[in-house]
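Welcome! Please take a moment to look over the sequence and the structure below, and then we can walk through them together.

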Amino acid sequence: MRRIITALAALALAGLLQGCAAVKLAYNNAPELLHFYLDSQFSFTDSQSEIVKADLRSLQSWHRSNELPEILKLLQKTQRLSEQALGQSSICSLFDEFQPRIDTVMARAMPTMAQVAMQSAPEQWADW
């Protein structure tokens, strides 16, 4: 799961480089994109697929309400800091402030992933 979140963070960063429209498009479609990716990795059964889809929609709604305001504060801080010469300690400090945001999303997603994992068959884990 950490690999998925890290990949999404990298995609979000790449989207920032392309402009706000790309970020908005990716964020608004994140539940469908994540489901597509996860299903390609695990070949969900129909019941697993419905659980994951519903949870991803719920996770996005929660994230939009609770996490985006926190991320906005961090991005504003990053913008202010970028107007100065940034050293290694400044960049590490920013990473340390962003890490809890990732951990919070992971903690929120874990119960559903555990539920789906408990319902999975061994062949769904064959490539992992």
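## A walk along the helices

Let us begin inside one helix: in α4, the buried residues are Gln-48, Ser-49, Val-52, Asp-55, Leu-56, Leu-59, Gln-60, Trp-62, His-63, Glu-67, Leu-74 and Leu-81. Please keep in mind that this is a predicted model. What covers these buried residues of α4? The cover includes α2 (20-28), α3 (30-42) and α5 (88-118). A general point helps when reading such a list: an α-helix has 3.6 residues a turn, so residues three or four places apart point the same way.

Now step back to the whole chain. The protein chain holds five helices and zero strands, and from the N terminus its elements follow the order α-α-α-α-α. Of its 128 residues, 26% count as buried. Among the contacts in the chain with a separation of 6 or more, 73% join residues that are 24 or more positions apart. The surface that the chain exposes comes to about 8,600 Å², and carbon and sulfur atoms supply 61% of that area.

Return to α4, and follow its course with your eye. This helix covers residues 46-82, and a straight helix of 37 residues would span 54 Å at 1.5 Å a residue. Between its end C-alpha atoms, however, α4 spans only 47 Å. Where does a kink lie in α4? Look at Glu-67: a kink of about 45 degrees lies there, shortly before the proline Pro-69. Glu-67 is also one of the buried residues of the helix.

A little before the kink you will find His-63, which also belongs to α4. Is His-63 buried or exposed? His-63 has a relative accessible area of 14%, so it counts as buried, the cut-off for buried being under 20%. Leaving aside neighbours within four places in sequence, His-63 is in contact with Tyr-27, Leu-68, Ile-71 and Val-105. His-63 and Arg-101 are 38 residues apart in sequence, yet their C-alpha atoms are 9.8 Å apart in space.

That brings us to Arg-101, which lies in helix α5. Setting aside neighbours within four places in sequence, Arg-101 is in contact with Glu-67, Glu-70, Ile-71 and Leu-74. So Arg-101 touches Glu-67, the residue at the kink, and Ile-71 appears among the contacts of His-63 as well. The C-alpha atoms of Arg-101 and Leu-74 are separated by 10.0 Å, with their positions 27 residues apart along the chain.Further along α5 sits Thr-112. Thr-112 counts as buried because its relative accessibility is 10%. Not counting residues up to four places away in sequence, Thr-112 touches Ile-51 and Asp-55. Asp-55 is itself one of the buried residues of α4.

Finally, visit the helices that come before α4. Two packed helices are described by the angle between their axes and the distance between the axes. The axes of α2 and α3 come within 5 Å and cross at roughly 65 degrees. In this contact, Ala-26, Tyr-27 and Asn-28 of α2 meet Ala-30, Pro-31, Glu-32 and Leu-33 of α3. By class, the residues are five nonpolar, one polar and one charged. Tyr-27 may look familiar, since it is among the contacts of His-63.

One last stop is Ser-43, in the loop between α3 and α4. Although Ser-43 is not a glycine, it has a positive phi of about 50 degrees.

Methods:
Residues numbered from 1 in each chain as written. Predicted model: local features only at pLDDT ≥ 70, side-chain atom pairs only at ≥ 80, totals over all residues. Heavy atoms only, no water. Helix = DSSP H or I, 4+ residues; strand = E, 2+ residues; numbered from the N terminus. Expected span 1.5 Å × (residues − 1). Bend = angle between axes of the 7 residues up to and from the residue. Buried < 20%, exposed > 50% of the residue type's maximum accessible area, 1.4 Å probe, protein only. Contact = heavy atoms within 4.5 Å. Axes fitted to C-alpha atoms, helices over the stretch in contact; angles between N-to-C directions. Nonpolar A, V, L, I, M, F, W, Y, C, P; charged D, E, K, R; others polar. Areas by Shrake-Rupley, 256 points an atom, 1.4 Å probe, with all protein chains shown as cover.
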